[in-house]
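Here's a quick tour of one structure, with an eye on its empty spaces and a few residues worth a click. Have your viewer ready.

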Amino acid sequence: MTTMTQADADAVWGAIDDQRTRTADLLEQLTAEQWDHPSLCQGWTVRHVAAHLTMQQQRVRDAAAFIARNPRILRSRTLNATIHDSAVLQAQALPSQEIISRIRAMTGSRRHNAFVTPLETLTDILVHSQDVAIPLGLHLTMRPTASAIAATRRWDTRGTWLAKVFRRLPLDGYRLTATDTDWTRGQGPEVAGPVGALLLLLTGRSAALEQLTGEGAADLRSALSTSV
């Protein structure tokens, strides 16, 4: 597990609270049709993503209780299937306003899922907020400082089990450079853009490709178009 100073932990949890609050505010504005709109995650609706965000404080006993209530989840064959199926079940169980209320209720808490760190919680709320907003044509800011922290974590954990939940994009051989904060990783032709757009790449999402520039951007777009 990553060890953080108290100041670092305070910054991470402050960023989580900020993004949670603004995500809940966005969800409050959605119509019933928008709740059932496809998200950026294949096979997930906006409602599924929002319901997933209510499940960011699961300790072992909470997971066991969820399985006891929903034994069908044991038929999910992979980690990603389990995450998807649990979100679907949660979405079926909770009305929209309860989903929003549960997300808001987590603000101020420092509890996070078992076996991961608060950095995974930060990544989840940042990226999943975009999974909701982008396909609806809505804008929801990802703060550059928070996005840089999450991007660093995702870069540092490439190749570990933590990366298995993300679609792997062909990012090796490029230099990723943020244009809105001091953040650079990798070697090769430069791909530059807002650090939030780079975070989406590092979590397997190509939705912000149009925000990227640099000598490697066109090659990366071409590589991604042929890898789909």
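What follows covers the pocket, the cavity, the ring interactions and two individual residues.

## The big pocket

Keep in mind that this is a predicted model. Its largest pocket comes to a volume of about 1,400 Å³. The lining takes in 41 residues, and if you want to centre your view, go for His52, Leu79, Asn80, Ile83 and Val165, which lie nearest the pocket's centre.

Which elements give two or more residues to that lining? They are α4 (60-69), α5 (79-93) and α7 (118-133). Of these, α5 chips in the most, with 6 residues.

As for chemistry, the pocket lining splits into 20 nonpolar, 15 polar and 6 charged residues.

## The little cavity

Closed-off space is a short story here: the count of cavities of 30 Å³ or more is 1. The largest cavity has a volume of about 30 Å³.

Who lines the largest cavity? Seen from inside, the walls are Thr123, Asp124, Val127, His128, Phe166, Thr203 and Arg205. Sorted by class, that lining has 2 nonpolar, 3 polar and 2 charged residues.

## Rings and charges

How many aromatic pairs turn up in a search of the whole structure? The answer is 0.

There is a charge over a ring to look at, though. Arg158 places its charged end over the ring of Trp155, at 3.6 Å from the ring's centre.

## Met4, ahead of the first helix

Met4 belongs to the segment that comes before α1 (6-28). Is Met4 buried, partly exposed or exposed? Its relative accessibility is 25%, so it counts as partly exposed, since buried would need a value under 20% and exposed one over 50%.

Setting aside neighbours within four places in sequence, Met4 is in contact with Ala9, Val12, Pro118 and Leu119. You can also set Met4 against Ala114: the two are 110 residues apart along the chain, and their C-alpha atoms are separated by 17 Å.

## Glu33, out in the open

Helix α2 (residues 32-35) is where you'll find Glu33. Its relative accessible area is 69%, and because the cut-off for exposed is over 50%, Glu33 counts as exposed.

For a sense of distance, try Glu33 and Ile149. They sit 116 residues apart in sequence, and the C-alpha to C-alpha distance is 34 Å.

Key. Residues numbered from 1 in each chain as written. Predicted model: local features only at pLDDT ≥ 70, side-chain atom pairs only at ≥ 80, totals over all residues. Heavy atoms only, no water. Phe/Tyr/Trp six-rings, centres within 6.5 Å; stacked < 30°, edge-to-face > 60°. Lys NZ or Arg CZ within 6 Å of the ring centre and 35° of its normal. 1 Å grid on protein atoms, 1.4 Å probe; cavity = no way out; pocket = protein on both sides within 12 Å on 5 of 7 lines; lining within 4 Å. Points joined across faces, edges and corners; volume = space filled by probe spheres on them. Helix = DSSP H or I, 4+ residues; strand = E, 2+ residues; numbered from the N terminus. Nonpolar A, V, L, I, M, F, W, Y, C, P; charged D, E, K, R; others polar. Buried < 20%, exposed > 50% of the residue type's maximum accessible area, 1.4 Å probe, protein only. Contact = heavy atoms within 4.5 Å.
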